[in-house]
Amino acid sequence: MNPLRLGIVGLGAVAQAVHLPLLAKRPDLFTIASICDLSPEVTEVLGSRVGVPRSRRFHVLDEMLDHGGLDALMVLARGSHTAQVLAGFERRLPVFCEKPLAYTTAEVDRIIAAEPHLGVPAILLGYMKQYDPAVIEAARILADVDDIRSIEASVLHPTGASQLALARVVGPSAPVANPAGAAEDAELWRAAVGEADEGTWRAYRGALVSSLAHDLSIMRSFGAPPATIEYVDIWRQSSRHAVRDVGRDRKSFGEHPPSISAVGTLAGGGRFSLAWHYLPDFPAYRETVRVVHGAGTVELVFPSPYLLHAPTELTVTTLDGDAERRVVRRSTTEAFETQLEAFHAMVREGTPPRSGLAAGRADVLDCQRILAAFAGRTGAVVGGEVGKLVGELVR
């Protein structure tokens, strides 16, 4: 195979825990040609670790891209990735983009308008769960099901630090000033949710477009995206440890995303429910997606995404004569690695990705619809794109 020369922007947790180790395993597919991060300290440490020459270590994306020698761009930075994707498209580079793609549909529309004609698809969105062998098998089974009664997804999300301890992630010894990034975040806050308070913005940014978007992508894989959003609740509930900690440091109280619950209908007449909980004292990440149909169930249980090669468990139940037949499937094939293989195939062979820009836009819009349903029910103050959706709900 012809390896892709990758430029990587963003060397944080997901890069260090997942992508860099997997790229190092696949020299047949990829060469890390250049890296870029705001932190000079992190860039130097990671550049030495993965063998990137100092002349190809950058702190400004445009400088890395203008240096050239790249076949594709991998966007792993925090926050909205609109600016990085547009910069890659401007140089006619295909892009691998981790979620969230964007915080607003206007951003996605800008990206769609700028998408270059490369003869192959220009972008693959980093919904690695769509490349999980268990999800692919579940989708194959459900392709023959025409009576999905319900899809129930639940995410129990402990702290990122607890999930990442095993990866020994390197960070800057002091915060890196990024006034341009802060200004962009503030602008996108207003564009997405207007003058909504920080808790609402955190629910949208931290829980919906950055996490539950994965479950929306799984629903799309099953051919059953949300049709309507009927009821949403968003609430904050403190643990005993959080109450204890607030006495020592009041600033830390309430900085994590709240819990979210959403229910609605599927196009085929069934129902869905989504639940997301940030649990600072919880022992381990756990995500469950359960599909109920007229002849049985299909259930997926996902481990922490940072535990490479930890299997997702697929359990399929059907009727076998007068008994229940239960089949459990586990595979240690790593979804992140399969996703990287798909990116190589997209660039070299034109193989369509499982999620491109249209899918990414649909997921952003569904996240906005969820928040709009909550605001419409409770009167919570929202503006921006979500506020417009609330206005459409009440008309």
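# A tour starting from helix α11

The buried residues of helix α11 pack against β1 (4-9), α1 (13-25), β2 (30-36), β4 (72-75), β5 (95-98) and β6 (123-126). Here, buried means under 20% relative accessible area, exposed means over 50%, and partly exposed is anything in between, using a 1.4 Å probe and protein chains only. Packing is judged by contact, that is, heavy atoms within 4.5 Å. The α and β labels are DSSP runs numbered from the N terminus: helices are H or I with at least four residues, and strands are E with at least two.

A word on what you're looking at: this is a predicted model, where local features need pLDDT of at least 70 and side-chain atom pairs count only at pLDDT 80 or more, while totals for chains, interfaces and linings use all residues. Residues are numbered from 1 along each chain as its sequence is written, and side-chain values use heavy atoms, with hydrogens and water left out.

Back to α11, which runs over residues 335-349. Of its 15 residues, twelve are buried, so the rest of the structure largely encloses α11. Among the buried ones are Phe336, Leu340, Phe343 and Met346, along with polar residues such as Glu337, Gln339 and His344. From first C-alpha to last, α11 reaches 20 Å, close to the 21 Å expected at 1.5 Å a residue; that expected span is 1.5 Å times one less than the number of residues.

Both ends of α11 are worth a look. At the N-terminal end, glutamate 334 acts as a cap, with a side-chain oxygen 3.0 Å from the backbone nitrogen of phenylalanine 336. At the other end, α11 is followed by glycine 350, whose phi is positive, near 80°.

One of the partners of α11 is helix α1. The two helices pack at an angle of about 65°, with their axes 10 Å apart. On the α1 side the contact is made by Val18, His19, Leu22, Leu23 and Lys25, and on the α11 side by Phe336, Glu337, Gln339 and Leu340. Axes here are lines fitted to C-alpha atoms, for helices over the stretch in contact, and angles run from 0 to 180 degrees between N-to-C directions.

Now move over to the open sheet. Eight strands line up in the order β8-β9-β10-β7-β11-β12-β13-β14, with mixed pairing. At the edges sit β8 (226-235) and β14 (323-331), each of which pairs on one side only. Neighbouring strands of this sheet are turned by 10° against each other on average, direction ignored. Two strands count as paired if DSSP finds at least two bridges between them.

Follow the pairings and you can see why the sheet is called mixed: β7 (residues 148-157) and β10 (residues 271-278) run parallel and are joined by eight bridges, whereas β11 and β12 pair in the antiparallel sense over seven bridges. In the parallel pair, isoleucine 151 stands opposite phenylalanine 272 of β10. In the antiparallel pair, valine 292 faces threonine 297 in β12, and the two strands form a hairpin with two residues between them. On its other side, β12 pairs with β13 (residues 312-320), again antiparallel, over six bridges; there, valine 301 has glutamate 313 as its bridge partner. β12 is mostly covered, with six of its seven residues buried.

Two helices lie across this sheet. Helix α9 (residues 198-221) crosses β7, β8, β9 (259-266), β10, β11 (286-293) and β12 (296-302), at about 140° to β10. Helix α12 (residues 357-378) lies across β8, β9 and β10, running at about 55° to β8. Within α9 you'll find serine 217, which is buried with a relative accessible area of 0%. Beyond its neighbours within four places in sequence, serine 217 is in contact with Tyr127, Gln130 and Asp363.

Finally, some backbone oddities. Most residues other than glycine have a negative phi, and most peptide bonds are trans. Arginine 92, in the loop between α4 (82-90) and β5, has a positive phi of about 60° and is partly exposed at 48% relative accessibility. Histidine 309, in the loop between β12 and β13, has a positive phi near 70° and is partly exposed too, at 31%. Lysine 99 and proline 100 are joined by a cis peptide bond, with omega about 0°, and proline 100 lies in the loop between β5 and α5 (105-114).

Key: Polar contact = N/O pair within 3.5 Å; in protein donor to acceptor, adjacent residues only side chain to side chain.
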